[in-house]
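Me: Could you walk me through this one, sheet and DNA contacts included? I'd like the reasoning as well as the answers.

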Amino acid sequence: MRYWLLKSEPDVFSFADLKKRPHKTEPWNGVRNYQVRNMMRDHMAPGDLGFFYHSSCPQPGIAGIVRIVKEAYPDPTQFDPASEYFDSGSRTENPRWLMVDVKWEAGFKTFVSLDMLRSDPALAGMLILRRGNRLSITEVTEKEWKRICELGGL
DNA sequence: GCCAACGTTGGC
DNA sequence: GCCAACGTTGGC
């Protein structure tokens with residue numbers, strides 16, 4: 001079992017939005033990066049846990065925990081011309097883009113801000129803190145996972 | 001296969 | 001709105 005960090009812009013879809021969904025579950029659609037797609041396909045599995053990270057917003061940081069509840073499967077938005085995620089180069093018989101389903105698992109007692117992540121020496125190696133990192137999903141080590149859960153009050 | 005141009009991400 | 005970083009595109 002692995003640990004992940006998933007970025008989302010809270011204006012578009014927030015951790016609170018996820019909690020309000022039926023079964024607190026939502027397909028993680030819109031991934032259009034090959035590295036991230038491959039990671040979902042090859043390394044993510046139901047049961048894995050992830051941090052829900054708010055990006056591109058006044059207060060970037062981690063709001064809580066989600067669980068991966070469905071393995072990678074074709075993202076239907078790639079075939080929908082009305083969708084902003086439409087990809088005319090993708091074929092139904094060989095879908096280019098995949099998604100997983102995630103479920104709201106637990107909210108942090110304390111929001112773990114980007115500042116808190118940066119200022120903790122135990123987290124200095126995190127991919128999310130690297131300059132220029134643009135992957136919307138990154139893997140988190142078990143040590144990092146436990147430390148961040150402490151910071152979040154869990 | 002190279003690489004310049006362009007687009008996107010995301011913190012500030 | 002700025003800008004650094006990096007992925008993608010497309011001409012050659």
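Here is a run of questions and answers on this predicted model.

Me: What is the strand order in the open sheet of 6 strands?
Reply: The pairing in this sheet is mixed. Neighbouring strands are turned by 35 degrees against each other on average, ignoring direction. Reading across, the order is β2-β5-β4-β3-β1-β6.

Me: Which strands stand at the edges of the sheet?
Reply: An edge strand has a single partner, so one of its sides is left without a neighbour in the sheet. That fits the strand covering 25-27 and the one covering 137-140. So the edges are β2 and β6.

Me: How many bridges join β4 to β5?
Reply: β4 spans residues 61-74 and β5 spans residues 98-113, and the two run antiparallel. Among the facing residues are Arg-67 opposite Lys-103, Gly-64 opposite Gly-107, and Ile-68 with Val-102 as its bridge partner. The number of bridges joining β4 to β5 is 10.

Me: In β4, what is the bridge partner of Leu-49?
Reply: β3 and β4 run antiparallel, with 6 bridges joining them. They form a hairpin with 6 residues between the strands, and Ser-56 in that turn has a positive phi of about 50 degrees. The residue in β4 that partners Leu-49 is Arg-67.

Me: Which residue in β5 does Pro-27 stand opposite?
Reply: β2 runs antiparallel to β5, and 3 bridges join them. In that pairing, Pro-27 faces Asp-101.

Me: What angle does the direction of helix α2 make with that of β5?
Reply: Helix α2 takes in residues 34-43 and packs on the sheet. It touches β1 (3-8), β4, β5 and β6. Its direction and that of β5 make an angle of about 100 degrees.

Me: Is the aromatic pair of Phe-13 and Phe-52 stacked, tilted or edge-to-face?
Reply: By the rule used here there are 8 aromatic pairs, and this is one of them. The pair links distant parts of the chain: Phe-13 sits in the loop between β1 and α1 (15-20), while Phe-52 is in strand β3 (residues 49-54), 39 residues apart. The rings are 6.4 Å centre to centre, and with 45 degrees between the planes the pair counts as tilted.

Me: What share of the atoms of DNA strand B that come within 4 Å of the protein is sugar and phosphate?
Reply: The residues around DNA strand B are Lys-7, Tyr-53, Ser-55, Ser-56, Leu-114, Arg-118 and Arg-134. They divide into 2 nonpolar, 2 polar and 3 charged. As for the DNA atoms within 4 Å of the protein, sugar and phosphate account for 83%.

Me: Which residue has a side-chain N or O atom 2.5 Å from a phosphate oxygen of DNA strand B?
Reply: Tyr-53 has a polar side-chain atom 2.7 Å from a phosphate oxygen of this strand. For Ser-56 the polar atom belongs to the backbone, at 2.9 Å from a phosphate oxygen. The 2.5 Å contact comes from the side chain of Lys-7.

Me: How far is a polar side-chain atom of Arg-131 from a sugar or linking oxygen of DNA strand C?
Reply: DNA strand C is surrounded by Tyr-34, Arg-131, Gly-132 and Arg-134. Sugar and phosphate make up 74% of its atoms within 4 Å of the protein. The nearby residues divide into 1 nonpolar, 1 polar and 2 charged. For Arg-131, the distance is 2.6 Å.

Note on methods: Residues numbered from 1 in each chain as written. Chains lettered and ligands numbered in written order. Predicted model: local features only at pLDDT ≥ 70, side-chain atom pairs only at ≥ 80, totals over all residues. Heavy atoms only, no water. Near = heavy atom within 4 Å. Polar contact = N/O pair within 3.5 Å; in protein donor to acceptor, adjacent residues only side chain to side chain. Nonpolar A, V, L, I, M, F, W, Y, C, P; charged D, E, K, R; others polar. Pairing = 2+ DSSP bridges. Helix = DSSP H or I, 4+ residues; strand = E, 2+ residues; numbered from the N terminus. Axes fitted to C-alpha atoms, helices over the stretch in contact; angles between N-to-C directions. Contact = heavy atoms within 4.5 Å. Phe/Tyr/Trp six-rings, centres within 6.5 Å; stacked < 30°, edge-to-face > 60°.
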